[in-house]
Amino acid sequence: MSADDTHPLPDALGFKEQPISQLLVKVASRCNIDCSYCYWFRDAAVYDKPKLMSDEVLQQLLLRIEEHVARYSLVDFPIILHGGEPLLWGVENFHRIAEACEGISSRTGCDVPIAVTTNGVLIDDEWLDCFEARNISVAISLDGPEHIHDIHRKTFQGTGTHAAAERAARMLASRDIGMTALAVCNPAYPPKQYVEFFAECGITSYDIMIPDATVDETPASVGSFYNGLFDLWLEANRTKPTADIRIISDMITAMLGNNSPTEGVGYKPIELCTVMTDGSVEAHDVLRIAGDGVTRTKFNIFEHAIDDVRNEPRWKAARDASIQLAAKCQQCKFMNACGGGYLPHRFSKTNGYDNPSVYCDDLYSMFENMQSVLANHLYVSKPDGERLDVRDALAGA
Ligand code: SF4
């Protein structure tokens, strides 16, 4: 790793303070399946919450959303419905929130798109009609082929859920619904098995996410898996775009100096918050991987505006940690593209978030591989038509 390139920490104005720009809304706090790696149930505090969001909480939430987008003149305010399993909330409630958000849009001029992340088990034609009619985009958890998916994604009786999830994914892909499949990487299997499975299902937009782990754990290395995935993606897209694999496109976006749209890639503050089923407002949801109640705040939508959470110490601590990187990351040549890794992956009981990612070696290898491959594909055209290798061009050849 290059140690000659130091990056100063941003000062308080290094990143402009922004209002909360999207909401994660927990409409159900329980799940209908029992995935072994779910971060949600690592935090016993979730069992204190009501199973489903009530109509009283929903109506108050809608008031707060309209107040928030109007106060800050937002043009775009995405709502992500989450759980547990959000479809347990019921299709009527999805119609209700979507219709209300359409009303907020027409009154304020702010687009309030709705997305949902689901395990797919409950999806039927009525749900498809709702997603299509209400323009709700769907991310479905599907870990590739059956023999990989069913290792972790099981019912409470211990049977695999792959058949139900694949059926739902194929149904979604057959309709005019924005859908993405979300897999979690299992590096014991080759990336080709994932890529071939999604192609066979007709799924052209998917992610294969790095498994959640903190620095106190010793997860399996994922570098070789992702370097292989990148090679497959490059080969498949050489002549025409065939599939969008989110982690690959986000890493390329970040390597090229642009803002990656997802929070796990790139150097930028995390500005999310989560509304729970009882209307309480918490810091970034996935930080609950760090332990019981770590995301809990004193804020709720009955007494506080959405943006008030920005004054809350735990929310601020998570936001500050996302841009105050460990010393090793500040010296790293991939600091801007990597951003120190996904925030939960930086947590340890002794240092909090002041660590490089538990996947640091893997991330470094992925960025280095990507950098060298991309450099071979990028060139600069001179006025006389000569093509210069981008590295020679940058070196002033
Ligand atoms: S976590 Fe990322 S930014 Fe930090 S040292 Fe490792 S590769 Fe570099």
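Glu282 counts as buried in this predicted model, because 26 C-beta neighbours fall inside 10 Å, where 20 or more suffice for that class. The residue belongs to strand E9. In sequence, Glu282 is 258 residues from Leu24, yet the C-alpha atoms of the two are 9.7 Å apart in space. Strand E9 spans 281-282 and stands at an edge of a sheet.

That sheet is open and has nine strands, in the order E7-E6-E5-E4-E3-E2-E1-E8-E9, with mixed pairing. The edges are taken by strand E7 (244-245) and strand E9, and each has a single partner strand, so one side of each is left without a neighbour in the sheet. In general, the strands of a sheet pair through backbone hydrogen bonds, in either a parallel or an antiparallel sense. In the chain as a whole, the secondary structure amounts to 13 helices and eleven strands.

At the E7 edge, the pairing of E7 with strand E6 (residues 205-209) is parallel and runs over two bridges. Within this pair, Tyr206 lies opposite Ile245 of E7. Strand E6 also contains Met209. Met209 is classed as partly exposed because 17 other C-beta atoms lie within 10 Å, a count between the limit of 12 or fewer for exposed residues and that of 20 or more for buried ones. When neighbours within four places in sequence are left aside, the contacts of Met209 are with Leu182, Ala183, Val184, Cys185 and Ile247. Met209 and Asn186 are 23 residues apart along the chain, and their C-alpha atoms are separated by 9.3 Å.

Further along the sheet order, strands E2, E3 and E4 are joined by parallel pairings. Strand E2 (residues 79-82) pairs with strand E3 (residues 114-118) in the parallel sense, over three bridges, and here Ile80 is placed opposite Ala115 of E3. The parallel pairing of E3 with strand E4 (residues 137-141) has four bridges. In that pair, Thr118 is opposite Ile140 of E4.

A helix accompanies each of these two pairings. Helix H2 (residues 91-108), together with E2 and E3, makes a β-α-β unit that is right-handed. From E3 the chain then passes through helix H3 (residues 125-134) to E4, in a β-α-β crossover that is also right-handed.

The helices of these units are in contact with one another. The axes of H2 and H3 come within 10 Å and cross at roughly 5°. H2 is therefore roughly parallel to H3, since angles under 35 degrees fall in that class. On the H2 side, the contact is made by Val91, Phe94, His95 and Ala98, and on the H3 side by Glu126, Trp127, Cys130 and Arg134. Sorted by class, the residues of this contact are five nonpolar, one polar and two charged.

Over the protein chain, which has 397 residues, buried residues account for 40%. Of the contacts between residues at least 6 apart in sequence, 69% join residues at least 24 apart.

How values were computed
Residues are numbered from 1 along each chain as its sequence is written. This is a predicted model: local features need pLDDT of at least 70, side-chain atom pairs count only at pLDDT 80 or more; totals for chains, interfaces and linings use all residues. Two strands pair if DSSP finds at least two bridges between them. A crossover is right-handed if, with the strands pointing away from the viewer, the path from the first strand over the helix to the second runs clockwise. Axes are lines fitted to C-alpha atoms, for helices over the stretch in contact, and angles run from 0 to 180 degrees between N-to-C directions. Angles under 35 degrees count as roughly parallel, over 145 as roughly antiparallel, 65 to 115 as roughly perpendicular and the rest as oblique. Two residues are in contact if their C-beta atoms, placed from the backbone, lie within 7 Å. Ala, Val, Leu, Ile, Met, Phe, Trp, Tyr, Cys and Pro count as nonpolar, Asp, Glu, Lys and Arg as charged, and the others, Gly among them, as polar.
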